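Trainee: Please take a close look at the sheet in this model, and at what packs with it.

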Amino acid sequence: MKKLTIALMAFTISLGMTSCKEEKKEDMQDEEMMEHSDHDGDHDHEDMDETQLMIGKELTVTLSAKSGSSANGVIEFMQTEEGVVMEADLSGLEPGPHAIHIHQNGDCSAEDGSSAGGHWDPTSEAHGKWGDEMHHSGDIGNLEADEEGNATLTFSTDKWCISCDDDMKNIVGKGVIVHAKADDFTSQPSGAAGARVACGVIE
Ligand SMILES: [Cu+2]
Ligand SMILES: [Zn+2]
């Protein structure tokens with residue numbers, strides 16, 4: 001996480017420098033326009049839509065045990081210019097592979113995690129493996145728990161955003177589920193990953 005924070009700081013600094021430069025350039029362009037054209041007074045900046053991405057926005061999601069397990073952990077989500085970076089750090093798992101998905105509801109109230117609903121699937125696709133032709137936007141994949149039951153996973157994608165205006169991409173308000181078993185990437189609708197052993201709300 002330290003490395004990520006340093007990288008983000010460097011990124012933010014360079015971004016700050018770039019935007020200063022761009023502002024200056026725009027000012028100059030405006031002046032030129034004023035001089036060389038009959039300016040009608042309602043000129044708008046047209047290239048401002050990047051500002052809807054909250055670069056550097058970070059969410060910490062706490063996962064708690066479900067279905068009688070002792071699994072728990074923390075997942076950090078961070079918005080960068082390229083997309084969202086996720087860093088999961090879990091413990092209390094059975095050694096071996098475990099599916100991890102974003103589910104459609106940010107609701108972990110049920111003892112078996114069923115309140116989180118099915119996989120988050122804003123694009124109406126089949127369940128599958130990330131990177132294949134068809135997969136849900138929440139199909140992160142599997143993480144591997146070691147002999148002590150600890151697992152970490154770093155994942156990043158431009159198919160997600162944190163708090164942007166695009167419902168196809170915004171992960172806020174969704175749930176994260178870790179399962180007892182591995183995702184087989186083929187069984188519908190959810191990869192036959194078994195019980196829900198940990199749940200967290202992305203908020
Ligand atoms: Cu799942
Ligand atoms: Zn799925």
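Mentor: Helices (H or I, at least four residues) and strands (E, at least two) are DSSP runs, numbered from the N terminus. By that rule the protein chain has 1 helix and 8 strands, in the sequence pattern α-β-β-β-β-β-β-β-β. This is a predicted model, in which local features need pLDDT of at least 70, side-chain atom pairs count only at pLDDT 80 or more, and totals for chains, interfaces and linings use all residues. Residues are numbered from 1 along each chain as its sequence is written, while chains are lettered from A and ligands numbered from 1 in the order in which they are written.

The pLDDT, the predictor's confidence in each residue from 0 to 100, averages 84 over the protein chain, and 75% of the residues score at least 70. Over residues 11-48 it is below 50, and beyond near neighbours in sequence that stretch has 7 contacts in the model; a contact requires C-beta atoms, placed from the backbone, within 7 Å. Where pLDDT is low, the predicted coordinates should not be read in detail.

Now the sheet. The 8 strands form an open sheet with antiparallel pairing, in the order 5-4-7-8-1-2-3-6; two strands pair if DSSP finds at least two bridges between them. Strand 5 (141-145) and strand 6 (151-157) are the edge strands, each pairing on one side only. Neighbouring strands are turned by 20° against each other on average, direction ignored; the axes are lines fitted to C-alpha atoms, and angles run from 0 to 180 degrees between N-to-C directions. At the strand 6 edge, 7 bridges join that strand to strand 3 (residues 84-91), antiparallel to it, and V84 stands opposite T157 in strand 6.

V84 also belongs to the largest nonpolar core, which has 35 residues; L63, F77, V84, L90, V176 and V178 have the most contacts inside it. Such a core is a set of buried Ala, Val, Leu, Ile, Met, Phe, Trp, Tyr and Cys residues joined through C-beta atoms within 7 Å, where buried means 20 or more other C-beta atoms within 10 Å, exposed 12 or fewer, and partly exposed in between. Among the strands that each supply at least two residues of this core are strand 1 (58-65), strand 2 (72-79) and strand 7 (175-179). Leaving aside neighbours within four places in sequence, V178 is in contact with L63, A71, L90, H98, I100, V197 and A198.

Outside the strands, E111 lies in the loop between strand 4 and strand 5. E111 is partly exposed because 13 other C-beta atoms lie within 10 Å.

Notes. Contact = placed C-beta atoms within 7 Å.
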